[in-house]
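The following note collects points on the structure for a colleague's consideration. The points are numbered so that each may be taken up separately.

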Amino acid sequence: MTQENDNFVTEPRQETGLDELLECLVAVASIHHHDATREALIAGLPLEDGKLTPGVLGRAAARADLTARIIRSPLSQLNPALFPAIVLLEAGRACVLLNLDIKNGQAEVIFPELGEASSIVSLAGLQDAYSGQAAYVRPKFRFDARGPEVKKQRSRHWFWGVIRENRKLYRDVLIGSAVINLFAVAMPLFVMNVYDRVVPNAATETLWVLAVGIFIVLCFDLALRLMRNAFVDLAASRADVKLTSSIMSRVLGMRMEAKPASTGSFTATLQSFESVRAFIGSATIVALVDLPFVVLFAAIIALIGVPLVIPIVIGAVFVFLYALAAQSKLHELSETTWRIGAQRNATLVEAVGNLETVKALRSESRLQGMWERASAFLSRTSAQLRLVSSSVTSVALWTQHTVAVAIIIVGVYMIIEGDLTQGGLIAAYLLSSRAMAPISQAAGLMAQYHQSSTALQSLNDVMDKPTERIEGKAYINRPVVHGDVKFDSVSLSYPEAERSALNDVSFRLKPGEKVALIGRIGSGKSTLSKLLLALYQPTGGAIFLDDVDIRQFDPMQLRRHIGYVPQDIALFFGTLRENIVAGAGSEGVDDEALLEAVRLSGLESLVKSHPHGLDLPVGEGGSMLSGGQRQSVAIARALVNNPSVLLLDEPTSAMDHASEEVLKKNLTRFSQEKTMVIVTHRTSLLSLVDRIIVMDAGKVVADGPREQVVEALRKGQVGRAS
Ligand code: ADP
Ligand code: MG
């Protein structure tokens with residue numbers, strides 16, 4: 001199916017709102033038989049205006065086991081061997097380039113808005129719209145279970161892998177350092193020659209020649225040092241961007257089971273990346289590079305006079321042993337400091353987050369006490385830590401000076417014996433400080449290293465946590481579902497909970513069925529909703545949506561089909577509009593749907609009466625709204641996508657009677673074709689449903705038509721789960 005379409009590229013086109021880059025990626029993926037859903041490709045990526053950008057194309061491509069490489073090249077010089085390529089056009093447009101026929105001035109392309117058909121366009125037309133950038137998208141080889149696993153190949157370390165990407169930069173740093181160290185020999189040689197040759201002979205001409213030479217060397221040295229620092233910085237900042245974004249995406253993609261219990265301590269872990277960054281970005285790291293040159297300097301000193309090396313060797317060994325002795329203490333102290341710091345942060349976050357409750361319950365003194373005890377302990381241990389680590393650097397400095405004195409003593413005896421010139425002594429003295437400097441620096445680095453390594457370790461733990469989306473897993477693509485929900489012997493035990501929250505729960509909801517879920521507190525009603533959203537994985541049994549195990553859905557796509565109003569509502573800092581649209585995901589939402597959702601949820605009067613309308617700020621966590629208003633916002637954002645399944649967890653618990661009646665009327669109409677589950681304690685909401693499921697202690701104890709169950713409940717015929 002190829003259509004001739006000559007002027008297509010240059011014709012002004014209407015804004016379609018289509019994410020063309022994403023569509024191109026989907027097209028290329030399907031050409032390579034690496035089918036992927038749009039949701040899976042962009043889930044959790046930072047989009048701009050809800051659209052994929054070239055900057056994150058590579059990350060999206062990796063989701064479909066593809067690699068994407070953006071290049072800048074004239075159209076005619078693109079490599080046909082690597083086609084299909086994505087060609088980035090002006091104004092955020094893109095198309096897939098299948099073939100280039102330069103001789104006839106034609107190109108075969110797929111325009112995303114025309115579907116999968118390819119068209120032939122004139123090369124000149126394409127050239128006009130071309131932005132100068134294209135992307136080669138190539139498949140990665142997909143191993144299956146038969147390919148034997150090799151440990152090393154399995155996965156790249158999140159941290160060292162990124163550092164290794166910059167190895168070219170680090171190689172340059174290494175070369176620069178080598179040259180700088182070679183230059184460092186020049187100064188002592190200069191001084192030695194001045195003392196031994198120039199001064200005795202009053203040879204000022206030689207002096208000038210030597211001075212010019214050393215000046216040139218010094219200039220090169222300056223240039224190299226500036227470059228070296230710039231390279232270390234560049235490598236660190238490149239790595240920084242990648243690392244922080246991979247940490248964030250890991251945090252957002254984390255499975256709920258794996259989420260650490262304390263938010264404050266968890267954020268402290270994440271913030272500790274700062275210390276890792278400071279470590280890799282600091283110029284001190286080049287001190288390690290200088291370390292091998294200690295041998296060079298020692299060798300040159302040996303050339304001047306062998307006995308002069310002895311103090312250096314003794315000094316180096318001494319510093320090394322001292323630093324080693326301090327290691328275990330440093331390690332222990334930095335771990336303690338780190339733990340107590342995280343715990344203190346947890347207290348802080350909990351206190352600030354619940355300030356109203358803290359005041360209302362007069363818990364100030366308890367929290368103040370916790371804070372002060374932690375602070376006192378923290379200041380004690382961190383003072384110890386500083387003491388030990390600064391003692392390492394001080395001892396190293398002391399050794400450096402002592403070595404210098406020793407060299408002078410040895411040197412004087414050698415001069416008396418006639419084995420050394422005065423210039424030689426001075427040169428040896430200067431070289432000795434050059435030789436000892438990297439040793440003291442490395443010792444200092446070892447002290448600093450512990451804080452970063454503790455941080456790196458705890459970040460490693462975070463990065464090892466299981467994620468919702470399994471890499472390389474092919475999720476099925478179901479853009480439309482009917483809302484057939486089935487629980488099949490589902491059980492769940494929360495991590496670290498002794499009792500199971502759900503126990504062998506089975507039921508089936510037909511598409512369009514309306515069900516109320518009732519039961520005492522803690523009977524597992526909310527848990528059931530969270531399972532259907534795949535926020536948690538059942539520990540036994542399976543859940544099906546339209547007869548497909550929900551584990552086969554991409555979590556993003558699954559949640560798009562389910563409109564969920566949680567029991568505890570959290571809004572985000574921002575406006576009302578942003579909060580409602582937040583539920584719309586990447587595909588965006590049109591104003592029509594937005595207004596409809598506002599009307600249905602009963603927010604209309606609030607929006608109309610407020611001068612800011614939909615742009616009214618809600619405050620952090622929605623603190624500027626009342627409980628009932630927050631609930632309305634949550635309902636609006638559940639409805640805005642027009643989902644097939646509605647999951648409402650006590651949606652009216654904070655509403656007055658009149659608002660509830662309005663909502664009921666709206667829901668009756670809105671939910672006509674949809675499967676709806678309402679968790680409720682309000683009998684008034686029961687009129688919305690045809691069927692009632694009663695839960696107790698994680699089990700279904702009654703399930704049937706509304707009238708029957710209500711009757712049975714009234715007569716006390718519904719038992720309790722033992
Ligand atoms: P409800 O029927 O009141 O909505 P839930 O489904 O919220 O009850 O809770 C069911 C049980 O699971 C309760 O006993 C509760 O203690 C436990 N539970 C709920 N959430 C968690 C969690 N995140 N971690 C551990 N246990 C939980
Ligand atoms: Mg609940």
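1. Serine 489 counts as partly exposed in this predicted model, because its relative accessibility is 30%, between the limits of 20% for buried and 50% for exposed. The residue lies in strand E8. Its phi is near 45°, a positive value in a residue other than glycine. A colleague checking backbone geometry may wish to look at this position together with aspartate 504, where phi is near 55°, again positive in a residue other than glycine. Aspartate 504 is found in strand E9.

2. Strands E8 and E9 belong to an open sheet of four strands, in the order E9-E8-E11-E12 and with antiparallel pairing. Its edges are strand E9 (502-509) and strand E12 (548-549), each of which pairs on one side only. Between strand E8 (residues 485-492) and strand E11 (residues 540-545) there are five bridges in the antiparallel sense. Within that pairing, phenylalanine 487 has isoleucine 543 of E11 as its bridge partner.

3. Which residues surround ligand 1? The shell consists of Tyr494, Arg499, Ala501, Arg520, Ile521, Gly522, Ser523, Gly524, Lys525, Ser526, Thr527 and Tyr536. Sorted by class, this shell has four nonpolar, five polar and three charged residues. Polar backbone atoms approach oxygen atoms of the ligand at three residues listed here: glycine 522 at 2.8 Å, serine 523 at 3.2 Å and lysine 525 at 2.8 Å. On its own, ligand 1 has 560 Å² of accessible area, of which the protein covers 64%.

4. The magnesium ion (ligand 2) is coordinated by Ser526 through OG and by Gln567 through OE1, at 2.0 to 2.1 Å. Serine 526 is part of helix H18 (residues 525-532), whereas glutamine 567 is in the loop between strand E13 (562-565) and helix H20 (576-581), so the two donors tie together parts that are 41 residues apart in sequence. The two residues also have their own accessibility values: serine 526 is buried, at a relative accessible area of 17%, and glutamine 567 is partly exposed, at 37%. Water is not among the atoms, so the site may look incomplete. Serine 526 also appears in the shell around ligand 1.

5. Strand E13 leads on to a parallel arrangement: four bridges join E13 to E14, and the two run parallel. Glycine 563 stands opposite leucine 646 in E14. On the pairing with strand E15 (residues 675-679), E14 contributes to five bridges, also in the parallel sense. There, aspartate 649 stands opposite valine 679 in E15.

6. How many residues of strand E14 (residues 645-649) are buried? Five of its five residues are buried, and the strand is mostly covered. Both faces are covered, with Val645, Leu647 and Asp649 buried on one side and Leu646 and Leu648 buried on the other. Aspartate 649, with its charged side chain, is thus listed among the buried residues of this strand.

7. Strand E6 (residues 118-122) is largely enclosed by the rest of the structure, because five of its five residues are buried. Ser118, Ile120 and Ser122 are on one side and Ser119 and Val121 on the other, and both faces are covered. The strand pairs with strand E5 (residues 106-110) in the antiparallel sense over five bridges. Valine 109 has serine 119 in E6 as its bridge partner.

8. A cis peptide bond joins phenylalanine 83 and proline 84, with omega about -5°. Proline 84 is placed in the loop between strand E2 (66-72) and strand E3 (85-89).

9. Two helical residues complete the note. Serine 458, in helix H17 (residues 422-463), counts as buried because its relative accessibility is 11%. Its side chain reaches the backbone oxygen of alanine 455 at 3.0 Å. Phenylalanine 183, in helix H7 (residues 167-184), counts as partly exposed at 23% relative accessibility. The C-alpha atoms of phenylalanine 183 and leucine 243 are separated by 36 Å, the two residues being 60 apart along the chain.

Notes
Residues numbered from 1 in each chain as written. Chains lettered and ligands numbered in written order. Predicted model: local features only at pLDDT ≥ 70, side-chain atom pairs only at ≥ 80, totals over all residues. Heavy atoms only, no water. Near = heavy atom within 4 Å. Polar contact = N/O pair within 3.5 Å; in protein donor to acceptor, adjacent residues only side chain to side chain. Areas by Shrake-Rupley, 256 points an atom, 1.4 Å probe, with all protein chains shown as cover. Donors = N, O, S within 2.8 Å, 3.2 Å for Na, K, Ca; no water. Buried < 20%, exposed > 50% of the residue type's maximum accessible area, 1.4 Å probe, protein only. Pairing = 2+ DSSP bridges.
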